[in-house]
Amino acid sequence: MLRSLASLASISLLVAASHAQCFEQNFGVLAPIAGGAAGYGDDVLFDLQPMNITFPMGGVAASYTHAHICSNGVLYLTNGAPSNGTTYAYQTTAFFVGAAGQDPRIAPLWIDLDSVATNGGGVYFNNTIPGKFVVTWANIVEWATQGPTFTLQAQLFANGDVAFYYSSTVYGISVGYGSQFVSRSGITAANGIADPGSVDLSAGGNISPGLAMYEEFPLNVFDLQDKSVTFINIGTSYVQTVSACAPAFHESYGSGCYNLSDSFYQFHADASTAPTFSGHSLTMTPAGNSYLVAWGGGTFVTPVGATSLTIADDGEVAQAPSVPFPTAAGPVSPLYIGANGLVSMAANSTSANYIPDANSFLNSPVTAFYSWHDFNPTEAGSGPVQYHEGVVLGETIAYVTWNGVENYPTGVVNPSTWQLQLNLTTGVVKFVWQTMDGDITSPFGSAHLMGWSPGGPSTDGGSLNLATTSPFVVQSPNIFAMKLTASPAPISNTTLGTVVTYTTNNMREYASGGGVYIGLTILSLSQIAGGLDLGFLGAPGCNAYVGTLDLPLALVGVTPTNSVGITLPTMLPVGTQIFSQSIGLITPNSMPNGQNAFGLLVSNGVRTYISTF
């Protein structure tokens with residue numbers, strides 16, 4: 001079996017022609033933004049940049065020298081002044097095409113995207129390559145999702161041509177806020193140009209009637225993965241071509257075991273399932289530095305003599321309890337109450353987010369309790385958010401009640417009533433959901449997220465069914481699953497081979513306190529689609545992702561991070577794939593709750609795709 005990979009070196013092939021305009025690997029630098037982190041942000045225009053080319057296009061001018069790059073997969077062209085382009089993606093087709101006076105826009109994929117540092121990418125530009133200007137949206141996600149990540153690129157050439165690139169993981173915008181809107185790919189000189197109508201870019205051969213051409217994709221549809229789309233400027237219109245374009249890459253698939261989170265949550269993609277919480281409760285009892293979570297145990301208490309809080313839509317107010325609320329991190333006062341169903345231990349910027357999403361929840365900097373939804377206590381006819389206290393068996397309870405508070409959309413009678421009970425004496429917390437509305441007609445989404453998260457990054461243990469999963473003790477601190485990555489890009493062409501390093505992170509000691517980490521990285525020519533759960537071996541929740549043990553490489557070290565390498569020779573066939581996964585040995589039954597009797601942990605899988613660039 002070891003010969004299977006070794007024999008790759010002896011396979012002859014005809015190397016594909018150069019893809020110089022297909023994908024530019026030199027991304028340049030992260031796009032700066034005043035007052036923010038370069039290359040990252042949601043719904044932002046990065047600082048205006050000179051392209052160092054004069055780009056002919058027409059519109060409000062004959063040519064352009066500067067680009068205003070938006071995080072949402074579009075850039076606007078100017079001659080040194082800030083653009084009049086929007087930071088938002090959810091606009092009409094007419095806006096995309098561009099009214100009189102609006103600047104030209106170049107959009108590989110205009111939809112609600114998010115550039116997040118933890119995904120290892122960012123929004124880049126390169127204006128140092130002679131004759132072209134390159135913008136790359138690397139490892140971005142659709143807003144309100146954690147993945148998949150994908151990469152887009154736009155190349156503008158000094159002759160007026162434009163080329164787009166789409167990675168294999170670009171998908172049909174099926175979840176999150178973007179699911180409310182169609183996506184668009186194309187170019188337009190704007191300035192009142194006539195709408196040419198949507199074309200099928202995947203077919204190629206399109207000729208625009210003027211200086212605008214685009215495709216409007218229906219919801220959940222996208223068909224340009226691993227493609228390069230080129231718009232050739234012929235003076236008064238564009239000729240469009242499409243070709244395959246798959247650079248060498250490593251792609252993670254599946255997940256390792258185990259992600260044990262110091263947070264917990266249940267996510268509802270829309271409000272249709274929220275009424276299942278009506279008439280139910282959840283109790284959180286302090287347990288060391290964490291909580292014992294149990295379904296039930298709470299009874300709704302009608303507010304009497306309560307204070308109605310003045311909270312703006314998406315706003316937050318401070319409320320001091322009569323005595324500080326006890327937490328594992330110390331007593332807290334005041335509490336911060338957010339209109340959208342958050343009670344936080346400090347001022348919390350997450351409260352302003354009206355679309356619940358797991359990523360924001362898991363990475364919020366502030367400890368908070370969540371029954372997160374797009375509530376609107378300012379809507380006409382809405383009940384208030386109220387605060388009152390009571391003494392029960394000598395213990396002081398603080399009650400925060402969403403008492404018939406309206407949900408979006410406005411103009412629809414759809415109130416919800418629920419209550420958070422904080423025991424100021426013992427630290428016990430109870431969620432009591434009295435009546436949760438199920439209306440899903442809001443154009444802004446109607447998702448719910450119920451749970452708790454301490455401040456700072458948490459690993460994602462996944463959405464739980466709280467009614468059936470509890471009781472459980474929330475893990476503290478986080479345990480991160482084994483993670484396998486590979487770099488650099490696996491290029492093999494007539495002159496270049498690559499030394500690929502496979503790095504395994506988050507390994508666990510073979511014996512607690514022993515300081516030794518033992519495992520294997522397995523390379524294979526096949527994969528197991530979807531993974532095979534190893535519960536039958538005594539490692540439930542751990543999945544095998546490689547189909548064969550073609551080349552096992554030993555991992556032994558004294559740190560949780562260990563690496564192995566292989567050398568890819570020149571002249572390998574484009575499209576050759578290697579699948580890899582790491583395993584780690586631990587003492588049987590040593591994970592929390594005694595799980596994993598076999599003593600085996602695994603990483604995610606990595607697909608290595610070999611290409612000439």
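**Exercise 1. A strand and its neighbours**

Strand β10 and strand β11 (residues 162-166) pair in the antiparallel sense over five bridges; starting from this pair, work out which residues of β9 and β11 stand opposite Gln-155 in β10.

*Solution.* The model is a predicted one, in which local features need pLDDT of at least 70 and side-chain atom pairs count only at pLDDT 80 or more, while totals for chains, interfaces and linings use all residues. Residues are numbered from 1 along each chain as its sequence is written, and side-chain values use heavy atoms, with hydrogens and water left out.

Step 1 is to fix the terms: strands (E, at least two residues) and helices (H or I, at least four residues) are DSSP runs numbered from the N terminus, and two strands pair if DSSP finds at least two bridges between them.

Step 2 takes the other neighbour, strand β9 (residues 132-142), which runs antiparallel to β10 and is joined to it by seven bridges.

Step 3 reads off the partners: Val-134 stands opposite Gln-155 in β10, and in β11 the bridge partner of Gln-155 is Ala-163.

Step 4 looks at the turn, for the hairpin of β10 and β11 has four residues between the strands, and there Gly-160 takes a positive phi near 100°.

**Exercise 2. The two faces of β10**

Decide whether the residues on the faces of β10 are buried or exposed.

*Solution.* Step 1 recalls that in a regular strand the side chains alternate between the two faces of the sheet.

Step 2 sets the scale, computed with a 1.4 Å probe on protein chains only: buried means under 20% relative accessible area, exposed means over 50%, and partly exposed lies in between.

Step 3 applies this to the strand, in which eight of eight residues (150-157) are buried. Phe-150, Leu-152, Ala-154 and Leu-156 lie on one side, Thr-151, Gln-153, Gln-155 and Phe-157 lie on the other, and both faces are covered.

**Exercise 3. The disulfide**

Determine which two cysteines form a disulfide and where in the chain they lie.

*Solution.* Step 1 is the criterion, since a disulfide is a pair of cysteine sulfur atoms within 2.5 Å.

Step 2 finds that the structure holds one disulfide, formed by Cys-257 and Cys-542, whose sulfur atoms are 2.0 Å apart.

Step 3 places the two ends: Cys-257 is in the loop between β16 (249-253) and β17 (264-268), Cys-542 is in strand β35 (residues 539-546), and the pair, 285 residues apart, links distant parts of the chain.

Step 4 adds the geometry and the setting, for the link is right-handed with 100° about the S-S bond, and both Cys-257 and Cys-542 are buried.

**Exercise 4. A sheet and the loops beside it**

Establish the strand order of the open sheet that contains β31, and then describe the peptide bonds before Pro-477 and Pro-488.

*Solution.* Step 1 gives the order β31-β32-β37, an open sheet of three strands with antiparallel pairing. Its edge strands are β31 (483-487) and β37 (562-568), each of which pairs on one side only.

Step 2 examines one pairing: β31 and strand β32 (residues 498-505) share five antiparallel bridges, and Lys-483 stands opposite Asn-505 in β32.

Step 3 turns to the prolines. The bond from Ser-476 to Pro-477 is cis, with omega near -5°, and Pro-477 is in the loop between β30 (472-473) and β31. A cis bond also joins Ser-487 and Pro-488, with omega about -5°, and Pro-488 is in the loop between β31 and β32.

Step 4 treats two residues that have a positive phi although neither is a glycine: Asn-506 at about 65° and Met-571 at about 70°. Asn-506 lies in the loop between β32 and β33 (517-524), and Met-571 in the loop between β37 and β38 (577-585). Asn-506 counts as partly exposed because its relative accessibility is 29%, and Met-571 does so because its relative accessible area is 28%.
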